Amino acid sequence: MSTALLKADKLTCERDDRLLFSGLSFELFSGEVLQLEGPNGAGKTTLLRILGGLFSTFEGVVNWKGQDVRQCYSEFQQELLFIGHKSSVKATLTPLENLRFLIGLQQSVKEGALWQALECVGLAGYEHVLCRNLSAGQKRRVALARLYLSDAKIWVLDEIFTAIDKKGVAQLEALLVEKAQSGVAIVLTTHHELAMPGVRQLRLGQVSE
Amino acid sequence: MSRRNHSEQGLLSVLGVVLKREFLSAYRSRQELANPLVFFIIVIVLFPLGVSPEPVFLSKAAAGLVWVAALLATMLSLDRLFQSDYDDGSLEQLVLCAQPLYLIVLIKSLIHWSLTGLPLIMLSPFLATMLHLEAQHLPVLMLTLLMGTPVISLIGGIGAALTVSLRSGGILISLLVLPLTIPVLIFGTGTVQSSIDGLSVAGHFSIMGMMLALALTLSPFAIAAALKISVSD
């Protein structure tokens, strides 16, 4: 087996004088789906932000392809798709403009592909409506349209199913399975019961002494 | 080890994407852009009514007044520089972008200046004429503003980036940034005063040019570092 795409080594994180996790180690291989579990406040989002390089007050090392992420950060960023619980969708722009920006930060995409992705997330006909006039679920779908376009090899997804209806969730799960099969490594948090095969779970909230 | 994607986005296209989006979202909320301008005009229009309408007095106060009003108007617009990006989470995406963040924030700051500072400069000759500043000094005033307002925007950007994750950032920005902008104000008004006194202004302009060069080259790094701290909070 090749080296893990992402490897967390003895991560310890403390926030507001509270130990979230200590000595947390895990590996993530290409094609794997890892679901972080745990009650609210267990540190799931913090862990995802650590993996994405957005949170730096922790001990331990995150390795990417065997190298410390901090040493090859820009290469790592090129391969990373991070969707946080703030969806990064600007209310004063249309779904099309938002998507063009969010994808454009990372990769070049043809205009037709943007339209197609919006159609895939059920926003056909809403391309030119300002996002402030969309519902919460529709706004989230704008952010999720990135999943259909991204070339990134590591996906870090925080609560992506929030405000998405049942049919949408099923569709997204199918997409995640398909992407995992094509070699993408996925870390996600959700309080939904995932109906996907082959999901590995990692439980947070039980601090090992 | 470092296999790169075929469709990886180059630096220029990323900057282009940021540029387009900034202008677009500024255009969509254009009434917000009018706020600092209206403030600028009102302060200058009210001043003669409140203090003295004497032409001799006004022509003396004109440069300083236009400069102070421009400084405060720019300050007023600064707290929104990164606020909405922070609130909706797109700041995270900018920080996560593989291209250098300091170039992205430089673009953002320059766009901010072109939408707030530049209109102020366009208006300044009319308002200065109203304050009886002689026409021959108007180009000097405009040139000092042209060199000085980007410095204010860039230094202010550091304050905005540091306070973006705080609730009452607006007041803090002023407290943090105003002392740093005082040299710009002193040399801005000093240049116009020298011109009125018939002295050479070349030295003043050199110093203002130096401040502009320093702000352009150094503050983006400070803004980028401050944004990274704010985002990882």
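I started in chain A, at the loop between strand E1 (6-15) and strand E2 (18-28), and found A:Asp16 sitting there. Worth jotting down before going on: this is a predicted model.

**Entry: the E1-E2 loop**

I looked up the backbone of A:Asp16 and got a phi near 50°, a positive value in a residue that isn't glycine. That made me stop, as most residues other than glycine have a negative phi.

Is A:Asp16 buried or exposed? I counted 5 C-beta neighbours inside 10 Å, so A:Asp16 goes down as exposed. The cut-off for exposed is 12 or fewer.

Next I checked A:Asp17, which is also in the loop between E1 and E2 of chain A. Its phi is positive as well, about 65°, and A:Asp17 is not a glycine either. For A:Asp17 I again have 5 C-beta neighbours inside 10 Å, and therefore it counts as exposed.

**Entry: where chain B meets chain A**

I then turned to the contacts between the chains. On my list, 25 residues of chain B are in contact with 29 residues of chain A.

Which elements of chain B give two or more residues to the side that touches chain A? I found helix H1 (11-28) and helix H5 (90-96) of chain B. H1(B) provides the largest share of that side, with seven residues.

I also sorted the chain B residues on the side touching chain A by character: nine are nonpolar, eleven polar and five charged.

**Recap for myself**

In the loop I have A:Asp16 with a positive phi and A:Asp17 with a positive phi. On the chain B side of the contact with chain A, I'd go back to H1(B), with its seven residues.

Conventions: Residues are numbered from 1 along each chain as its sequence is written. Chains are lettered from A and ligands numbered from 1 in the order in which they are written. This is a predicted model: local features need pLDDT of at least 70, side-chain atom pairs count only at pLDDT 80 or more; totals for chains, interfaces and linings use all residues. Helices (H or I, at least four residues) and strands (E, at least two) are DSSP runs, numbered from the N terminus. A residue is buried if 20 or more other C-beta atoms lie within 10 Å of its own, exposed if 12 or fewer, and partly exposed in between; C-beta atoms are placed from the backbone. Two residues are in contact if their C-beta atoms, placed from the backbone, lie within 7 Å. Ala, Val, Leu, Ile, Met, Phe, Trp, Tyr, Cys and Pro count as nonpolar, Asp, Glu, Lys and Arg as charged, and the others, Gly among them, as polar.
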